[in-house]
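Trainee: I'd like to learn how to read a fold by eye, one feature at a time. Can you walk me through this one?

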Amino acid sequence: MAGSYKTCLLVDDNYIDNFVTRRILESSKFAENIIVTESPTEAIEQLGKGEIKPDVIFLDIRMPLMSGFEFLDAYDKLAIDKTGIKIFLLSSSFDPTDIKRSTDNKYITHFIHKPLTHKILEELP
């Protein structure tokens, strides 16, 4: 899987989690470009304007102002080509409701429990 993606977008409000996840992604050579944002609303705006065209999105669930599921609702309404974009929920949540909602969402490729590791990256679909 290493190096198989051009652009990866990481959307998480937690600076430390972003730092750790970015280091894992970089050391794995997961993508050529890794874009990190702590604001899901900014990410939605940039996606909608075509400023960011990721192959993969790592998305946190629990964020203030806009949760990961609210992000997905906004993402669904974007008039962009979503073909081939993989979205991985990256969360510390073990709430069965969150996990069920993620498996029911057509955009979610996989639910990942934090922290992201090299082993998890290697096993991603």
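**Reading the model, feature by feature**

Mentor: Let's begin with a single residue: Lys29 is exposed, with a relative accessible area of 60%. Keep in mind that this is a predicted model.

Trainee: Why does Lys29 count as exposed?

Mentor: The cut-off for exposed is over 50% relative accessible area, and Lys29 has 60%, so the label applies. Lys29 is found in the loop between α1 and β2 (31–37).

Trainee: And what about the backbone there? What is phi of Lys29 near?

Mentor: First the general idea: most residues other than glycine have a negative phi, and most peptide bonds are trans. Here, phi of Lys29 is near 50°, a positive value in a residue other than glycine. Leu65 has a positive phi as well, near 70°. Leu65 sits in the loop between β3 and α3, and at 87% relative accessibility it counts as exposed.

Trainee: You mentioned trans peptide bonds. Which residues does a cis peptide bond join?

Mentor: Lys114 and Pro115, with omega at about 0°. Pro115 lies in the loop between β5 and α5.

Trainee: Let me step back to the whole chain. What pattern does the protein follow along the sequence?

Mentor: Count the elements, then read their order. There are five helices and five strands, and along the sequence they run β-α-β-α-β-α-β-α-β-α.

Trainee: What radius of gyration does the protein have, and what would a compact globule have?

Mentor: The idea is to compare a chain with a globule of its length. With 125 residues, a compact globule would come out near 14 Å; the protein has 13 Å, which agrees. The C-alpha atoms fill a box of roughly 35 × 35 × 25 Å along the principal axes.

Trainee: How much of the protein is buried?

Mentor: Buried residues make up 46% of the 125. The accessible surface comes to about 6,800 Å², and 52% of that belongs to carbon and sulfur atoms. For contacts, look at sequence separation: among those between residues at least 6 apart, 68% join residues at least 24 apart.

Trainee: Now the charges. How many salt bridges does a search of the whole structure find?

Mentor: Side chains of opposite charge can pair when their charged atoms come close. In this case the search finds ten salt bridges. One of them pairs Asp17 with Lys114, at 2.8 Å from N to O. That pair links distant parts of the chain: Asp17 is in helix α1 (residues 15–27), while Lys114 is in the loop between β5 (108–113) and α5 (118–123), 97 residues apart.

Trainee: Is each partner buried or partly exposed?

Mentor: Asp17 is partly exposed at 25% relative accessible area. Lys114, at 19%, is buried, because the cut-off for buried is under 20%.

Trainee: Which salt bridge lies within helix α1?

Mentor: Try Arg22 and Glu26, whose side chains meet at 2.8 Å, N to O. Both lie in helix α1, four residues apart, about one turn of the helix. Arg22 is partly exposed at 30%, and Glu26 is partly exposed at 37%.

Trainee: What does Arg62 pair with?

Mentor: Asp95, in a salt bridge of 3.7 Å, N to O. This pair also links distant parts of the chain, with Arg62 in the loop between β3 (56–59) and α3 (68–77) and Asp95 in the loop between β4 (86–91) and α4 (96–104), 33 residues apart. Finally, salt bridges that share partners join Asp12, Asp17, Asp60 and Lys114 into one network.

Notes
Residues are numbered from 1 along each chain as its sequence is written. This is a predicted model: local features need pLDDT of at least 70, side-chain atom pairs count only at pLDDT 80 or more; totals for chains, interfaces and linings use all residues. Side-chain values use heavy atoms; hydrogens and water are left out. Helices (H or I, at least four residues) and strands (E, at least two) are DSSP runs, numbered from the N terminus. The radius of gyration is taken over C-alpha atoms; the globule rule is 2.2 Å times the number of residues to the power 0.38. Buried means under 20% relative accessible area, exposed over 50%, partly exposed in between (1.4 Å probe, protein chains only). Contact means heavy atoms within 4.5 Å. Accessible areas come from the Shrake-Rupley method with a 1.4 Å probe; for residues, only the protein chains shown count as cover. A salt bridge is a side-chain nitrogen of Lys or Arg within 4 Å of a carboxyl oxygen of Asp or Glu.
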